Amino acid sequence: MSRHLPHVAVLLAAALVIAPVSGNPARASEVPALNELDDYLDELPLVLSATRLSQPISDSPASITVIDRELIDASGARSLTDLFRLVPGFQVGEPRAGAPVATYHGFGDEFQRRLQVLIDGRSVYIPLYGGVPWGSLPLSLTDIQRIEIVRGPNAAVYGPNAFSAVINITTRHAAEDAGLHVSAERGGEDEDRITLRGSYHAEQLDMRLTVEGRDSDGYRDRDDRASLGLLSGRLDYSLSASDALSAQFGLSDGDYAVGERGDPLDPLRDRGVRNYFAQLRWERNRGVDDNLSVQLYHNVAEWHDGFGAQVDSLGLLGMLLDFTLDRARSVSADPAVHDLILRADQALADGDLAAMNTLVQQAVALNTEADVAAWLAEIVHYLQTLPDLLALPANERAASFSFDGNTVSRRSEVEIQRRQRLGDSLRLVYGGSLRRDQVDAPGYMVARSPQSNHVYRLFGHAEWQLAENLLLNAGAMYEDNDITGSDISPRLALLYRHSPRSVWRLGYSRATRTPVLFERHANMRVDIDLPAALPTFDGDPQLSLFEIVASGGLRPETIEAWELGYRFTPPASRAYFDLKLFHEKIDDLIDTTIGEVLAEDDFNDTSSTYTNRSGMMISGAEIEASLPAGAHTRLRLGYAYANLWDVERDATSLPRQSLSLLLTHHPTPADTLSAEFYYVSDMAWMDASERFDLISTRRFDLRYAHRFRWRGADAHFSLQLENLIEKSSEYFSENVRYPSLYLRLGMDLY
Amino acid sequence: MHTAQQSRQSRRQPARRAAPIALPGLLALLALLVAPAGATAELLLAQSGDASAYRQTREALLGDLSARWQIRDLGAEWNAGETTAARRGEVDGDIATAIGSDACTRLHRELPDTPLLCLLLPRANFNDIIATPARAVRSALYIDQPALRQLRVARHLFPQLRRFSLLYDAAKPPPLLDATTPGIELIAHPLAADDNLLFSLRRALRDSDALLAIPDKRVYNRRSLRSLLLTAYRARKPMIGYAKPFVKAGALMSLHTRPAALGSEAAGLLESWLDGTPLPQPGHPRHYAIAINPGIARALALPIDAADYHDRLYAAEELP
């Protein structure tokens with residue numbers, strides 16, 4: 001509990017700052033008299049500009065899932081990634097507390113590199129290792145207004161890395177906040193969260209400040225934990241009737257447990273995470289379809305991590321042997337080899353040198369792919385040194401090593417965008433941006449850090465009304481970067497309005513993913529100084545483990561996606577049915593290859609590198625529907641079916657089927673009852689697949705929320721029961737979710 | 001509609017746009033063309049400032065008055081803050097017309113014995129002004145369009161909208177509350193002295209289809225409008241503005257008064273007065289124009305062709 005205290009202290013201090021700042025824009029004081037010029041005739045600032053208005057989804061040329069505030073509240077989501085369970089085709093997992101991940105159409109691991117994620121137009125992708133620090137973004141779930149998820153590549157609109165999908169998050173305009181908001185949540189495995197938000201309003205200015213503290217003890221059966229404090233602010237300033245300025249900043253600081261207890265090479269430790277950003281946006285709106293914006297931002301993501309230790313060579317030896325077996329297991333899919341390794345495992349556990357020698361003979365006889373026999377022979381060799389080691393005094397067996405896991409990733413970008421209408425039937429959006437990524441990661445890019453990348457981008461897309469019921473969408477992005485040079489990502493979609501209630505869409509798009517700086521410049525290893533008493537390993541006194549050495553020459557990954565969509569909007573209030581049939585072809589996938597012999601001197605068969613490998617294909621169907629059942633009940637459904645063809649890897653990272661159901665019912669306007677069911681068929685995350693850790697998830701949650709007034713304040717509380725039908729695993733099979741209860745209380749004061 | 005076209009045509013004549021210097025000549029010409037019948041009178045005309053809305057009202061008024069009138073025009077230079085006690089004798093007429101609140105306030109105070117017609121001012125302001133009684137009659141054409149008319153037209157254009165929330169300062173309940181119209185439900189949300197506007201708005205939006213804005217400065221002002229429009233839009237509930245600028249800012253639609261149409265209507269009242277009809281009770285203008293924000297309509301999935309209603313003027317009793 002003691003680690004919770006700093007956050008509480010920070011929150012209390014923040015409350016003292018925020019409370020006096022929070023002003024009420026309309027408390028009855030001296031209300032001035034009306035004036036015909038001010039109150040009836042003079043121009044007012046454009047508040048709902050085209051960029052703020054959402055185009056009806058049925059007019060959208062792509063498959064889009066919208067998660068608005070109402071759905072965020074109804075789903076009872078406790079984290080941002082929780083929400084993506086509602087999106088067909090998404091996979092969500094939390095390998096450890098504080099580091100959740102989300103991916104679209106498989107290939108997910110801790111560093112999902114194929115999603116573009118924008119928060120108010122700011123890319124939060126980490127240029128060093130890819131992915132989004134979902135668990136430590138300086139963003140409170142309570143400040144989010146709307147999330148649009150474009151299911152499919154869309155670089156022409158959303159920029160580089162809009163590869164498999166785009167998540168576009170919009171926070172609330174500061175004018176939408178009032179007074180002081182406090183909310184607290186507690187439940188599960190000692191998880192809690194406190195959020196405090198204050199706002200201030202003046203004639204032309206709206207301001208908001210949010211502070212949040214979160215703590216979690218993670219999975220019951222694991223040693224994980226996480227805690228985070230964040231502070232974010234937004235200032236909206238209305239310069240004139242047409243010009244507006246928006247400034248934002250955010251800072252988060254926390255840590256989460258990584259590594260494993262008892263593993264000297266990856267010890268259990270807290271990894272510090274810090275993220276901060278500043279963003280400025282100027283916008284000029286001259287009408288509904290006449291907009292010019294300039295935006296700049298600077299984003300920083302840091303890891304504070306590292307470890308060092310002295311280990312007994314005996315333990316190291318045992319680990320090396322396990323590691324060798326693991327490697328043999330992961331390389332071969334041959335059941336005979338697996339059987340052999342199983343027996344080698346037993347022989348190793350028994351220290352049975354004779355049995356191991358026999359197995360080596362058998363491995364040679366099997367004559368399968370890979371060097372299984374050679375690796376088993378290595379084990380025999382190690383086992384032979386065991387008696388010598390045992391004879392030594394402990395201090396002479398010690399091996400020491402250290403690893404510097406500190407990283408800093410910075411991204412700065414300036415973007416200019418123009419939106420205009422040319423005539424009745426043509427709308428255009430175009431612009432350009434300059435971006436600079438800088439990373440420093442001495443332990444991950446030994447002797448190669450720091451590194452940087454520059455990206456120049458031009459983009460444009462047009463919406464052309466060909467006929468009354470035919471809309472053509474065409475666009476492209478030209479990108480030039482230091483890593484892979486230049487590329488063009490085009491996109492084309494045709495929308496046919498079959499009736500006022502039904503729309504067909506046909507689309508093609510192509511996008512690329514530039515390797516992240518780690519994939520380009522990796523030089524990662526743990527160097528262990530071996531004791532003299534361990535004379536094996538080719539006479540090298542240093543042993544390098546977990547080597548990943550980038551060899552350069554990577555091409556960008558490319559995706560080509562075709563989709564056929566149909567959307568039906570029944571007359572009932574906000575009901576819809578959306579079907580998407582898709583086919584995706586991914587080429588030049590960047591993947592690690594183990595043991596490839598390259599010119600690099602220090603490259604040996606324990607190393608891996610990044611190469612472009614052959615492609616793969618994904619086909620399937622996705623359904624999303626929102627169906628009212630009576631005036632007070634609504635069912636929301638998301639379903640995905642997909643088939644992955646991959647010749648090089650087991651196609652297990654993409655589940656064949658997934659389903660989400662959310663049923664909400666309002667017995668009275670102040671009460672909400674909801675039930676949620678999630679199902680994901682067998683899948684394995686990429687970093688779990690080597691362990692053949694296939695899991696399937698069934699989850700059932702119930703929720704009750706009540707809104708009430710308490711001493712003039714608007715208040716609400718909710719009670720949430722999760723994982724009711726069975727325990728289910730998440731990400732790794734040992735990550736078990738037990739039935740748990742969460743309680744949330746919130747209040748709007750003043 | 002007939003009246004609307006007439007008034008538009010008359011405004012298109014270049015002579016009507018001429019500088020005040022050209023006016024006496026023009027009036028002389030009119031006097032020759034239109035033979036004056038019966039009585040003549042002197043009209044004292046004051047306007048609150050030089051804003052274009054005041055000018056448009058004045059030009060339309062003068063343009064539509066017959067040659068029977070002699071105009072004593074205090075013009076735009078006339079400053080509401082300046083004392084005219086010394087000039088009280090010289091500034092007078094058979095009847096006075098004030099354009100805007102300031103001019104109305106001043107003429108009401110300074111000419112207690114002269115009939116006064118105030119134009120283009122908020123209804124609330126006129127009521128405040130005449131709280132101090134005068135000996136001669138006081139009448140007005142407000143800038144406001146009646147809220148009930150707003151409701152009827154909104155309901156007609158957007159049949160999906162049936163329940164309207166009305167947010168107002170509890171200290172100043174609007175007269176609209178007593179009225180009922182079939183097919184329209186009005187839900188009153190008075191704002192007590194301690195109430196937070198945005199929290200009240202959120203509650204108001206929950207049980208209605210749209211928010212009806214009324215001229216109540218406690219609720220609708222330059223400081224609060226961003227919050228109101230954004231919050232209503234997030235709740236997917238459109239705002240019906242009470243004035244045209246609301247529409248560009250982000251309201252779905254508004255009925256509003258065209259200053260020129262109001263000027264023409266005032267000219268008609270003055271002519272009748274000269275013919276012996278007393279000034280009518282203070283009231284709302286007979287004509288209204290509609291503004292629609294097509295972007296908002298599209299975003300809220302309310303189908304309408306905004307261009308159909310653009311630049312047209314409707315008479316009080318007609319629906320578009």
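In the predicted model, the side chains of Lys248(B) and Glu43(A) meet in a salt bridge, with 2.8 Å from N to O. Across the interface of chain B and chain A, six salt bridges are found. The interface also holds 18 residue pairs in polar contact, both partners having a pLDDT of 80 or more. Several elements of chain B give two or more residues to the side that touches chain A, namely α3 (52-64), β4 (116-121), α5 (123-129), α7 (197-206), α8 (225-234), α9 (244-249) and α11 (294-299). Of these, α8(B) gives the most, with eight residues. In character, the residues on this side of chain B divide into 24 nonpolar, ten polar and 16 charged.

The extent of the interface can be described both by residues and by area. In terms of residues, 50 of chain B are in contact with 53 of chain A. The size of an interface is often given as the accessible area lost when the parts come together. Between chain B and chain A, the buried area is about 5000 Å², and carbon and sulfur atoms give 55% of this area. Three residues, Lys217(B), Arg222(B) and Arg226(B), supply 16% of the area that chain B buries against chain A, more than any other three residues.

Chain B also contains a covalent link between side chains. Over all chains, the count comes to one disulfide. This disulfide is formed by Cys104(B) and Cys118(B), whose sulfur atoms are 2.1 Å apart. The link of Cys104(B) and Cys118(B) is right-handed, with 85 degrees about the S-S bond. Distant parts of the chain are linked by the pair, as Cys104(B) lies in helix α4 (residues 101-110) of chain B and Cys118(B) in strand β4 of chain B, 14 residues apart. Buried residues are those under 20% relative accessible area. Cys104(B) counts as buried because its relative accessibility is 1%, and Cys118(B) likewise counts as buried because its value is 0%.

Salt bridges were examined next. Over all chains, 80 salt bridges are counted. One of them joins Glu70(A) and Arg574(A), the closest N and O atoms being 2.9 Å apart. Glu70(A) lies in helix α3 (residues 69-75) of chain A, whereas Arg574(A) lies in the loop between β25 (557-568) and β26 (576-587) of chain A; the pair therefore ties together parts that are 504 residues apart in sequence. Arg574(A) is partly exposed, its relative accessible area being 41%.

A further salt bridge is formed by Glu622(A) with Arg151(A), where the closest N and O atoms are 2.6 Å apart. This pair, too, links distant parts of the chain: Glu622(A) belongs to strand β29 (residues 616-628) of chain A, and Arg151(A) to the loop between β6 (144-150) and α5 (155-158) of chain A, 471 residues apart. Both Glu622(A) and Arg151(A) are buried.

The side chains of Glu302(A) and Arg274(A) also meet in a salt bridge, with an N to O distance of 3.8 Å. Here the pair links two strands of chain A, with Glu302(A) in β14 (residues 290-304) and Arg274(A) in β13 (residues 269-287), 28 residues apart. The partners differ in accessibility: Glu302(A) is buried, at a relative accessible area of 9%, while Arg274(A) is partly exposed, at 30%. Salt bridges also link residues into a network, which comprises Asp109(A), Arg113(A), Arg114(A), Arg513(A), Glu519(A) and Glu557(A).

Polar contacts within chain A are illustrated by Arg225(A), which is placed in the loop between β10 (205-216) and β11 (226-238) of chain A. Arg225(A) counts as buried because its relative accessibility is 7%. Its side chain is joined to that of Asp255(A) by a polar contact of 3.0 Å, and a polar contact of 3.0 Å also joins the side chains of Arg225(A) and Asp270(A).

Finally, Ile528(A) is found in strand β23 (residues 523-529) of chain A. Ile528(A) is buried, with a relative accessible area of 0%. The C-alpha atoms of Ile528(A) and Val311(A) are separated by 9.5 Å, and these two residues are 217 residues apart along the chain.

Note on methods:
Residues numbered from 1 in each chain as written. Chains lettered and ligands numbered in written order. Predicted model: local features only at pLDDT ≥ 70, side-chain atom pairs only at ≥ 80, totals over all residues. Heavy atoms only, no water. Helix = DSSP H or I, 4+ residues; strand = E, 2+ residues; numbered from the N terminus. Buried < 20%, exposed > 50% of the residue type's maximum accessible area, 1.4 Å probe, protein only. Contact = heavy atoms within 4.5 Å. Buried area = accessible area lost by both parts, 1.4 Å probe. Salt bridge = Lys/Arg side-chain N within 4 Å of Asp/Glu carboxyl O. Polar contact = N/O pair within 3.5 Å; in protein donor to acceptor, adjacent residues only side chain to side chain. Nonpolar A, V, L, I, M, F, W, Y, C, P; charged D, E, K, R; others polar. Disulfide = S-S within 2.5 Å.
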